[in-house]
Amino acid sequence: MKVDHISMSAYIDDFSMITIVVCNPFSIIPSLSLVDDKKVLQPLTIDKQEHYHNQVIYKCRTRTPIDLKNRYWVTYNDTKIPLMIGSIVRTEKFDSLYYDDSSLGANYTPESTTFKVWSPVAFAMILKYKTKHSNTFVEQNMSRSERGVWQATLDGNHHLTEYMFVVNVNHEWIETTDPYSRSITANGVHSVVIHLPETDPDGWNRSEKKINLRSKTDSIIYEVHIRDLTIHSDSGVLNKGKYLGLTEQGTKTSNGFHTGLEYIKSLGVTHVQLLPVADFGSVDETRPDSAYNWGYDPVHFFSPEGSYATNPYDPICRIKELKTLIQTLQHNGLSIILDVVYNHVYKREESSLEKLVPGYYFRYDDGGNPVNGTGVGNDTASERNMMRKFILDALTFWMSEYKVDGFRFDLMGIHDVETMNQAAEKLKSLNPGVFLLGEGWDLNTNLEPERKASLSSAKKMPSYSFFNDAFRDHVKGSIFPKGQSGFINGNNDERIKHQMSHVMKGYAGQHDKFIKAEQSINYTECHDNHTLYDLLYIRHPFEDEVMRRKRQQLALAITIFAQGVPFIHAGQECFRTKKGEENSYNLPDNINAFDWNLVEFFHKEVDYFKHLIGIRKSQPIFRDNSVELLEWNVPDGCLGFKYHLPITDIKDGASYWSKALLLFNQTTKPIIIPLEQHRWMIAIEDERYDNVVLNEDSYRLEPLSFSLLYSV
């Protein structure tokens, strides 16, 4: 049987192993050889034959180890098949031999710029560049180190020089941007050399080391999408949907209600968590109004997204305006958490990582197919040395150059524990108070369960806080409308009641999820899935809207006062709706925009939210690790929890509460709560907050309401 190059392919799977794939088995044992550029022939010996998905696989051995600096072909009869890079890049030997801790990317000085890029499997590499004073690209050959780092140096000042790498991999010449691009042209067509001090806004002190010593339980996180928060027609913001939109001072609606930065400041939250701001695909930066995306389509991990910049064509603009946003928020007392996405790339085949080292940066199954635990077609392999280095380099760059205060890791369960702990160690050396949190979902990726940075590994990752799905699901119910309802829906199941004790304790303890409550991110709403308002409408379609809003306020009170870290999705405090849409990641502004008219309409509820935050921030009893939490004996349909702060831990005497009693009524009827013989003050009662002395031995808890009593 004659086998031609269309039905036969060959891959390097180890330093002495070649895999040949054909559509039909050889009729006789063939004579196979390996040949390199120097025409040196090596016979190949077939070790075994396997069948996989209508293909026949032959595992062949070479007598001389493969040298990745050479190109090879497999010969069979008169056919010459290019030998491609296969799973050799996923072997421990490859990872050990070619790990390199060089400073990759374009390393700029005014006198010269040195370009370094890692690709041990490349046969040749060319630097293609164009200075800011030229309209023509020129080329320069790059040299290779033993560990596969290609390098070229250009003399002179190359600030704003555009560049690409032209690489010969798998017998083909392809162009790619630099995975370490600090900035890019519009839509990431070219990488750009940047003298980073040129991107600093006025007052940006490069030598200042950002230090944050606020404890996690002293924090309240507010999740924001750059475009959403200012794009509304009545936001009063000039630079709608842009980085600069969130820097504008004194913005108001047409009726005089604060918006944007002024509004966030007024809430009392401590941290603003920004949905991804690193360069992402799926939005044309030159026509940013033509599409919408949350930003979980990462392309260039070191460069800011251009659709949020006022001039996406200017490589300085996107950096300077993002820095201006960070600087402004921090000057107004707010810390910044960046939502980062290292678990996948937008399109694997088009990624610079894949072009430079095919098959290395991603996980594959035993058949050589990319695994898809992320649900977007590819999972990055954080456990490999150079992917781990890539993640750590990116994180330290964002912290050092942009001075951010923390990171939220998208689908953190894809990553491995060792990488995440190394990242924490490095980041804490730069800022001891860095806030690290992530999604610890257990995803179906090709990594041993005990190595996954998932919720089950929380006690092995003490520097990280985790989105607590148990908290979410027991308070509001399943994220799926047809799933089980939660406490605020009136579910009085014994299991729900039992779990609510864990909810209020932040799932912390020797036999629980976390070492300390600070590892629990307490939330009932985020950018994912339905807003709570929309989910309650689906679950209680015939209920009066006032009643549904009271259910949502119950969830808000639990989130604010449970032990752990409160997390609020922007607009949750004013009943944000996305018009019933469950997944709005690419839907238009009329679905996603923060509606500032809701802030006006529900200004009393917004004030109530501010008051709850004020109490949490002012009273250590809700934040101190030494607080004792006990369940209070209450009738069915109600939950009660008593917080007690030991007197030795109370500072400044009577200004702090020593006891607090939190009462929640999930029913539509009032409930009488027995009280101990003790002098209580009423701090919160059914969304009212007048301090009133209570001298009764019982307390009437209104339907679907929360009350907070305290004693000094």
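These legends accompany close-up views of a predicted model.

**View 1. The largest pocket and the residues around it.** The largest pocket has a volume of about 1,200 Å³. Its lining counts 42 residues. Nearest the centre of the pocket lie Ser87, Arg90, Asp365, Gly367 and Gly368. By class, the lining holds 15 charged, 15 polar and 12 nonpolar residues.

**View 2. Elements that line the largest pocket.** Five strands and a helix are labelled by their residue ranges: E1 (8-14), E2 (17-22), E4 (41-52), E5 (55-61), E7 (79-85) and helix H1 (92-97). Each of them supplies at least two residues of the lining. E1 gives the largest share, four residues.

**View 3. The second largest pocket.** About 690 Å³ of space lies in this pocket. The lining is made of 28 residues. Trp294, Leu411, His527, Asp528 and Asn583 lie nearest the centre. Of the lining residues, 11 are nonpolar, nine are charged and eight are polar.

**View 4. A barrel of seven strands.** The strands close in the order E1-E2-E5-E4-E3-E6-E7. Their pairing is mixed. From one strand to the next, the twist averages 35 degrees. Several of these strands return from View 2: E1, E2, E4, E5 and E7 each supply at least two residues to the lining of the largest pocket.

**View 5. Strands E2 and E5 within the barrel.** E2 and E5 run antiparallel and are joined by six bridges. One residue pair serves as a landmark: Ile20 has Tyr58 in E5 as its bridge partner. In a regular strand, side chains alternate between the two faces of the sheet.

**View 6. The hairpin of E8 and E9.** Strand E8 covers residues 105-108, and strand E9 covers residues 112-118. The two pair in the antiparallel sense over four bridges. Three residues form the hairpin connection from E8 to E9. Ala106 stands opposite Phe115 in E9.

**View 7. An open sheet of six strands.** The order is E28-E29-E30-E35-E32-E33, and the pairing is antiparallel. Strand E28 (628-631) and E33 are the edge strands, each pairing on one side only. Neighbouring strands of this sheet are turned by 25 degrees against each other on average, direction ignored.

**View 8. The E28 edge of the open sheet.** E28 pairs with strand E29 (residues 638-644) in the antiparallel sense. Four bridges hold the pairing. Glu628 has His644 in E29 as its bridge partner.

**View 9. Helices H6 and H7.** H6 spans residues 385-402 and H7 spans residues 417-430. Their axes come within 10 Å and cross at roughly 25 degrees. H6 and H7 are therefore roughly parallel to each other, with an angle under 35 degrees. H6 passes H7 in a right-handed crossing.

**View 10. Helices H8 and H9.** H8 takes in residues 469-476, and H9 takes in residues 494-504. The axes of the two helices come within 10 Å and cross at roughly 135 degrees. That angle makes H8 oblique to H9. The crossing of H8 past H9 is left-handed.

**View 11. Helices H11 and H14.** H11 (residues 545-561) and H14 (residues 603-618) pack with their axes 10 Å apart. The angle between them is about 20 degrees. H11 is therefore roughly parallel to H14. Their crossing is right-handed.

**View 12. Leu160 in a loop.** Most residues other than glycine have a negative phi. Leu160 is not a glycine, yet its phi is positive, about 75 degrees. Leu160 sits in the loop between strand E13 (149-155) and strand E14 (162-169).

**View 13. Glu687 in a loop.** Glu687 also has a positive phi, about 70 degrees, although it is not a glycine. The loop that holds Glu687 runs between strand E32 (680-685) and strand E33 (692-694). Both E32 and E33 belong to the open sheet of View 7. In that sheet, E33 is an edge strand.

Terms used
Residues numbered from 1 in each chain as written. Predicted model: local features only at pLDDT ≥ 70, side-chain atom pairs only at ≥ 80, totals over all residues. Heavy atoms only, no water. 1 Å grid on protein atoms, 1.4 Å probe; cavity = no way out; pocket = protein on both sides within 12 Å on 5 of 7 lines; lining within 4 Å. Points joined across faces, edges and corners; volume = space filled by probe spheres on them. Nonpolar A, V, L, I, M, F, W, Y, C, P; charged D, E, K, R; others polar. Pairing = 2+ DSSP bridges. Axes fitted to C-alpha atoms, helices over the stretch in contact; angles between N-to-C directions. Parallel < 35°, antiparallel > 145°, perpendicular 65-115°, else oblique. Left-handed = near helix turned anticlockwise from the far one by under 90°.
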